[in-house]
Amino acid sequence: MSKPGDYAAVRRDIAALLHQPEYDDGSAGPVLVRLAWHSAGTYDAGTDTGGSNGAGMRYEAEGGDPANAGLQHARVFLEPVKSKHSWITYADLWTLAGVVAIKEMSGPEVQWRPGRTDFVDDSKLPPRGRLPDGAQGADHIRHIFYRMGFNDQEIVALSGAHNLGRCHSDRSGFHGAWVNNPTRFSNTYFRLMLSRTWKEKKLENGVRQFVHYDEDADEELMMLPTDLALVSDPSFRPWVELYAKDKDRFFADFAAVFAKLIELGIKRDANGRVINSDNLKGGYHS
Ligand code: CCH
């Protein structure tokens, strides 16, 4: 148990659990980044519903969304940290874990502020279907991310998270990693997207993705249809080209947009303190 509010202690314990030799590429980092993103990426600016407040993925309605398949691994990795620092909310822990994982995997420092609540406000619950579908194209990506309040530049910067981790046949149905060193944050994803020839491949389960055999890694790398839509779309593409050339610019833009992502739907007063809905009727605590 640490002193309530000792986020430095929580950060240290998250960093210490990233090394997982038996799991995937040896790191819990990528799946923690995905947990943070999916916890926040349900936000709808129009109705001010969804977002990381409430940590709704603990419950079947959101946790059981097929788009969230596999994220139970991330939540299980974090459980010892939650037990040790029981004062932290799940909503804060999941977003902070993504931020710590990005930094520990050589990525940028993302601004993170505490104050999210685990209170589930029934009137803010997101319906399923708010997260993107990798089988689709540019129109779909815009529909999903404009709803959260992001522009084309921010969409491309955020997508750079696919430098990390991999697709799992038993989770999304897609298979493989985007880059050959998927536990180190970089702009390789953008460089490969532009410089390699991507061939469509139909997997045994019927899912279509794009692949390139990488000789250095001696493995087949992949891109989702949504990834390659960033190259073919005339308004996304200049950002892909910029980020492929300028790693520092990518890191700065990614840090800014990830910080914005994990603040979606969080209301703060002039001092940065969260104004939450704990006092509203109709919700429930865990
Ligand atoms: Fe993603 N992502 N993502 N993604 N994603 C997947 C895995 C990761 C889409 C689809 C998929 C973002 C945007 C999109 C990560 C971070 C981000 C997978 C494989 C699919 C499919 C899941 C599996 O099988 O385990 C689509 C579509 C979009 C947008 O159109 C954004 C934004 C972020 C973060 C900023 C990370 C990290 C992973 C790797 C997870 C792992 O377990 O290794």
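User: How many helices and strands are in the chain?

Analyst: This is a predicted model. The chain holds eleven helices and five strands.

User: What does the radius of gyration say about the chain?

Analyst: Set it against the value for a compact globule of equal length. With 286 residues, such a globule would be near 19 Å; the chain has 18 Å, which agrees. Along the principal axes, the C-alpha atoms fill a box of roughly 55 × 40 × 40 Å.

User: How many of the residues count as buried?

Analyst: Buried means under 20% relative accessible area. Here 55% of the 286 residues qualify. The accessible surface comes to about 13,000 Å², and carbon and sulfur atoms contribute 50% of that.

User: How do I read the contacts by sequence separation?

Analyst: Take the contacts between residues at least 6 apart in sequence. In this chain, 70% of them join residues at least 24 apart.

User: And where do the charges sit?

Analyst: Count both signs, then compare their centres. There are 34 positive and 39 negative side chains, with the two centres 4 Å apart.

User: Now a single helix. What span does α11 reach?

Analyst: Helix α11 covers residues 247-261, 15 in number. From first C-alpha to last it reaches 21 Å, close to the 21 Å expected at 1.5 Å a residue.

User: Which residues of α11 are buried?

Analyst: Start with the general idea. An α-helix has 3.6 residues a turn, so residues three or four places apart point the same way. In α11 the buried set includes Phe-250, Phe-251, Phe-254, Val-257, Phe-258 and Leu-261. Asp-253 is also buried.

User: What do they pack against?

Analyst: The buried residues of α11 pack against α2, α5, α6, α7, α8 and α10.

Notes
Residues numbered from 1 in each chain as written. Predicted model: local features only at pLDDT ≥ 70, side-chain atom pairs only at ≥ 80, totals over all residues. Heavy atoms only, no water. Helix = DSSP H or I, 4+ residues; strand = E, 2+ residues; numbered from the N terminus. Rg over C-alpha atoms; globule rule 2.2 N^0.38 Å. Buried < 20%, exposed > 50% of the residue type's maximum accessible area, 1.4 Å probe, protein only. Contact = heavy atoms within 4.5 Å. Areas by Shrake-Rupley, 256 points an atom, 1.4 Å probe, with all protein chains shown as cover. Lys, Arg positive; Asp, Glu negative; His and termini not counted. Charge placed at Lys NZ, Arg CZ, Asp CG, Glu CD. Expected span 1.5 Å × (residues − 1).
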